[in-house]
There are 2 protein chains.
Amino acid sequence: MTQKLEDIKQEFIEGLSQISRFWGFPKGMGAIFGVLYLSPAPLSLDEIVRQTGLTKGAVSTEVRALARMGLVHRSTKLADRKDYYEAETDFYKSIRSILKERQNTEFDRAVGSVKDTLAKLEAGTSNAEERAFLIERVRALQEFFDAIDSLARAVVKLESLGLVNVQRILGVLK
Amino acid sequence: MTQKLEDIKQEFIEGLSQISRFWGFPKGMGAIFGVLYLSPAPLSLDEIVRQTGLTKGAVSTEVRALARMGLVHRSTKLADRKDYYEAETDFYKSIRSILKERQNTEFDRAVGSVKDTLAKLEAGTSNAEERAFLIERVRALQEFFDAIDSLARAVVKLESLGLVNVQRILGVLK
DNA sequence: TAGTTCGTTTAGTAACTACTAAACGGACAT
DNA sequence: ATGTCCGTTTAGTAGTTACTAAACGAACTA
């Protein structure tokens, strides 16, 4: 027994909501993206409201957040006051925007504080034995963060994240 | 003017709290790990309580969560009822545990629902044009998730994430 | 037995997050 | 101007999360 298309779409959208929540975003955001992603044409804010069941205010703020992340694009039509939104279909392009959005904010500052700690420890003079131990530990953590950062940069430099590239990575690493 | 070691440690621990929160974990968890990471010897639960200012209940539950993720290890001493905890210093080993912990839960289920959606769409018969469009979109999303998954597996297969390996990746991808 | 000394569990709370409802303001039409 | 049709902003709320305080239970001790 095959289901109605509308039901299937709804399940998909709920799945995206879950995924959204898992990645630390509001679930409504996932639903909005899902609605747009399954639409062949750009949708107006009110149409998104209708299809998600959220209020206009919520959709307004969350669709803008999606736009900042590059997951949706806003457009307008001549002689039409409404804004229209459509989903970005190149996910890889989107996650680069997301990484950029997240970068340079709390995370960078926090990781920078590790670097600061290391500098302060190395500048100290007293308590040589304990300081040596702390320096070693903090240095190891900082190197780890640097490695992660390098990896992220490497992935971001790709112009597409396809099975091909991933398999190339796998090939090098075995 | 160099600061006291205790102050520097405290700043480091607060930095880890921020990082913890950024990654979606409670900040107390980051603080606990920080205290353990800066200690040359395993610490008892009460000692962690003392150094973090959290209550025993909170430390008890969160330190167990850290142990599940492989970020800390629990040990005991003979003729001593206390549990002792120490930080894992091989971060790479830890993130593999974390990935495993996160895997196979909500995320897998949600991603699986995308796969289900695709299957249902392909099993349908009615509304051929719209179905073709939806199939294409959902298929693209699923391929993207598969690529991410492959990449994660690739990274997890490394026995260490050092600059060396990252540079090898960079070399292949340019 | 009763009394310590641990870790765990539970009930309750303060703070935060994702929302809703509704007021608001700008741009256009009449 | 006045009204209408947009998107945005604001005030308030339900639900969640990360905790605290304290009861509990298990393992040893006297």
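In chain B, strands β2(B) and β3(B) form a hairpin with six residues between them, and A79(B), which lies in the turn, has a positive phi of about 55°. This hairpin belongs to a predicted model, so that every value given here is computed from predicted coordinates. The two strands, β2 at residues 72-76 and β3 at residues 83-87 of chain B, pair in the antiparallel sense over five bridges, and within this pairing V72(B) has A87(B) of β3(B) as its bridge partner.

Chain A can be read in a similar order, beginning with its own hairpin. Here β2(A), residues 72-76, runs antiparallel to β3(A) and is joined to it by five bridges, with H73(A) standing opposite E86(A) of β3(A). Six residues lie between the strands of this hairpin, and A79(A) takes a positive phi near 55°. Strand β3(A), residues 83-87, also pairs with β1(A), residues 43-44, in the antiparallel sense over two bridges, and in that pairing L43(A) stands opposite Y85(A).

From the strands we turn to the helices of chain B, taking α2(B) and α4(B) to begin with. These helices pack at an angle of about 75°, with their axes 10 Å apart, and because an angle from 65 to 115 degrees counts as roughly perpendicular, α2(B) and α4(B) are described as roughly perpendicular to each other. On the α2(B) side the contact is made by G28(B), M29(B), I32(B) and F33(B), which meet A58(B), V59(B), E62(B), V63(B), A65(B) and L66(B) of α4(B). By class, this contact has eight nonpolar residues, one polar residue and one charged residue.

A second helix pair in chain B is arranged at another angle. Helix α6(B), residues 106-123, packs against α7(B), residues 128-157, at an angle of about 150°, and their axes are 9 Å apart; that angle makes α6(B) roughly antiparallel to α7(B), because angles over 145 degrees are counted in that way. The crossing in which α6(B) passes α7(B) is left-handed. Residues of α6(B) including V111(B), V114(B), L118(B) and L121(B) take part in the contact, and among those they meet in α7(B) are L134(B), I135(B), V138(B), L141(B) and F145(B). The residues of this contact divide into nine nonpolar, two polar and four charged.

Beyond the single chains, the model also holds a contact between chain A and chain B, to which each chain gives 53 residues. On the side of chain A that touches chain B, the elements giving two or more residues are α1 (5-22), α6 (106-123), α7 (128-157) and α8 (163-173) of chain A, and of these α7(A) gives the most, with 13 residues. This side of chain A is made up, by class, of 31 nonpolar, 14 polar and eight charged residues.

Finally, there is the surface near DNA strand D, which draws on both protein chains. Of the 20 residues around DNA strand D, those that come nearest are L45(A) and G57(A) from chain A, together with P26(B), G28(B) and G57(B) from chain B. Two or more residues are given to this surface by α3 (45-52) and α4 (56-68) of chain A, and likewise by α2 (27-37) and α4 (56-68) of chain B, while α4(A) gives the most, with five residues. By class, the surface near DNA strand D has five nonpolar, seven polar and eight charged residues. G28(B) thus appears in two places in this account, because G28(B) comes among the nearest residues to DNA strand D and also belongs to the contact of α2(B) with α4(B).

Terms used
Residues numbered from 1 in each chain as written. Chains lettered and ligands numbered in written order. Predicted model: local features only at pLDDT ≥ 70, side-chain atom pairs only at ≥ 80, totals over all residues. Near = placed C-beta within 6 Å. Helix = DSSP H or I, 4+ residues; strand = E, 2+ residues; numbered from the N terminus. Nonpolar A, V, L, I, M, F, W, Y, C, P; charged D, E, K, R; others polar. Pairing = 2+ DSSP bridges. Contact = placed C-beta atoms within 7 Å. Axes fitted to C-alpha atoms, helices over the stretch in contact; angles between N-to-C directions. Parallel < 35°, antiparallel > 145°, perpendicular 65-115°, else oblique. Left-handed = near helix turned anticlockwise from the far one by under 90°.
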